[in-house]
Structures are given as C-alpha cells and as structure tokens.
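Please find below a colleague's note on the structure under review. It is arranged as numbered points for discussion.

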Amino acid sequence: MNALVPTGPSGILASPGVSFGLHEQCEVTGPVAVCAASGVPLERTVKPMAFVIPEGRLLSAAPPGHARLRYGALARTAGIRRNDLSPADAGWPARAGMQPDGVCPVSADRAAVVAFGRTVGSLRRVRCGSGRPGGSIEIGAAELTAAVPAAATASVVDLPADGPT
C-alpha cells in the first residue's frame with residue numbers, strides 16, 4: 001500500500017526546509033509556453049511523464065525539458081519490460097497530490113519511483129511543475145532529486161545534437 005502525504009509538492013518540499021521558489025505563469029500550460037512566459041530555457045526544466053508499472057505502482061520519468069525519453073532505458077531502470085510501461089490515467093495527478101497540467105517529480109505518493117535523466121544532476125537550478133496548472137517550482141537540481149525518496153538517476157534520455165548538454 002502506498003504511503004500518501006496529505007499535501008502537494010510545495011508542501012512536501014517546505015516541510016524539510018528545502019529552499020525553492022514558486023512562480024505563477026497565469027494558467028500557461030505546456031513546457032514551451034511556460035518557458036516563453038518565464039524566460040527559462042527549455043534545457044533548464046524537468047518535464048515529468050507518468051506511467052503505471054506492474055502492481056499498480058507509479059513510475060515518473062523526469063528528463064530535462066529538451067530531451068527525448070528512451071522508453072526501453074526507462075523500463076530497464078525500473079526493472080521491468082518495455083511492454084509493461086503504461087501511460088498513467090487521468091486520475092494519477094490527484095492520487096499524487098497534484099492537478100492535471102501541473103505534474104511535479106515530487107509526489108505525495110511516496111512509493112512512486114522517479115527516474116531522473118542523468119544530466120539533470122549537472123544543472124544548478126531547474127524549473128518543474130508545481131502540482132497545479134499555471135505554477136512552477138524553481139529549485140536546485142540536487143535538492144529536487146533528494147526530495148524524492150525512490151529516486152533513480154539513469155541514462156534514460158537522448159539529448160538533441162544541436163542543444164546544450
């Protein structure tokens with residue numbers, strides 16, 4: 001059974017005293033639109049993608065915003081077959097203390113596994129969803145990954161040849 005924390009990502013981050021900023025984008029959604037509204041380059045963002053894996057557990061991939069997820073590598077990181085990855089349903093955000101279009105790697109579902117792209121750790125500060133539409137969290141990459149109990153860092157992405165590394 002999953003141990004749920006009764007608060008969203010910002011409350012989870014605030015409880016251990018993590019330093020982070022909350023930003024409003026006036027109901028802007030989608031990574032490109034959020035980056036344009038906030039002036040943050042896409043490669044300095046983390047874009048979570050949610051999957052359900054066997055036994056109903058949640059798996060969130062958290063690659064840099066400009067990277068392309070490698071599904072097979074993600075499955076291997078979780079110790080499952082590629083065919084066992086299923087996109088999470090629309091109810092996933094609520095079970096994790098979030099709203100649709102505001103997904104964050106920090107989840108109220110403490111049993112969720114989060115696979116961060118290996119290059120996320122090399123970023124100083126990143127932006128990611130805040131758990132609700134129109135908001136984002138700015139946080140140190142190390143603090144973000146440390147706030148996720150079941151975090152893994154792995155080579156689960158391909159970076160664009162013409163973009164930053």
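The points that follow address confidence, one loop residue, an aromatic pair and salt bridges.

1. Confidence of the model. The structure is a predicted model, and its protein chain has a mean pLDDT of 84. Of the residues in the chain, 91% reach 70 or more. Confidence is highest in helix H3 (residues 71–78), with a mean of 94, and lowest in helix H2 (residues 31–38), where the mean is 75.

2. The start of the chain. Residues 1–6 have a pLDDT below 50. In the model this stretch nevertheless has eleven contacts beyond near neighbours in sequence. Any reading of those contacts should be accompanied by the statement that the pLDDT there is below 50.

3. Ser-107 in its loop. Ser-107 is located in the loop that runs between helix H4 (92–95) and strand S6 (113–117). Is Ser-107 buried or exposed? Its relative accessibility is 6%, and because buried means under 20%, Ser-107 counts as buried. The side chain of Ser-107 comes to 2.9 Å from the backbone nitrogen of Asp-109. Leaving aside residues up to four places away in sequence, Ser-107 touches Ile-12, Ala-96 and Met-98.

4. The aromatic pair. How many aromatic pairs does a search of the whole structure find? The search returns one. The partners are Phe-51 and Tyr-71, in an edge-to-face arrangement with 5.9 Å from centre to centre and 85 degrees between the planes. The assignment as edge-to-face follows because angles over 60 degrees are classed in that way. Phe-51 belongs to strand S2 (residues 49–53) and Tyr-71 to helix H3, so that distant parts of the chain, 20 residues apart, are linked by the pair. The two rings are also described by their accessibility: Phe-51, at 6%, counts as buried, whereas Tyr-71, at 31%, counts as partly exposed.

5. The salt bridge of Glu-24. Five salt bridges are found in a search of the whole structure. One of them joins Glu-24 to Arg-132, with 2.4 Å between the closest N and O atoms. Glu-24 lies in strand S1 (residues 20–24), while Arg-132 lies in the loop between strand S7 (125–129) and strand S8 (135–140). The bridge thus links distant parts of the chain, 108 residues apart. Glu-24 has a relative accessibility of 52% and counts as exposed; Arg-132, at 32%, counts as partly exposed.

6. The salt bridges of Glu-138. Glu-138 forms a salt bridge with Arg-125, the closest N and O atoms being 3.5 Å apart. Because Glu-138 is in strand S8 and Arg-125 in strand S7, this bridge ties together parts 13 residues apart in sequence. Glu-138 also meets Arg-127 in a salt bridge, at 3.9 Å from N to O. Arg-127 is in strand S7 and Glu-138 in strand S8, eleven residues apart.

7. The resulting network. Which residues are joined into one network by salt bridges that share partners? They are Arg-125, Arg-127 and Glu-138. With regard to accessibility, Glu-138 is partly exposed at 25%, and Arg-125 is likewise partly exposed, with a relative accessible area of 35%. Arg-127, by contrast, is buried, its relative accessible area being 11%.

Key:
Residues are numbered from 1 along each chain as its sequence is written. This is a predicted model: local features need pLDDT of at least 70, side-chain atom pairs count only at pLDDT 80 or more; totals for chains, interfaces and linings use all residues. Side-chain values use heavy atoms; hydrogens and water are left out. pLDDT is the predictor's confidence in each residue, from 0 to 100. Helices (H or I, at least four residues) and strands (E, at least two) are DSSP runs, numbered from the N terminus. Contact means heavy atoms within 4.5 Å. Buried means under 20% relative accessible area, exposed over 50%, partly exposed in between (1.4 Å probe, protein chains only). A polar contact is a pair of N or O atoms within 3.5 Å; within protein, one must be able to donate a hydrogen and the other to accept it, and residues adjacent in sequence count only if both atoms are side-chain atoms. Rings of Phe, Tyr and Trp (its six-membered ring) pair if their centres lie within 6.5 Å; planes under 30 degrees apart count as stacked, over 60 as edge-to-face and the rest as tilted. A salt bridge is a side-chain nitrogen of Lys or Arg within 4 Å of a carboxyl oxygen of Asp or Glu.
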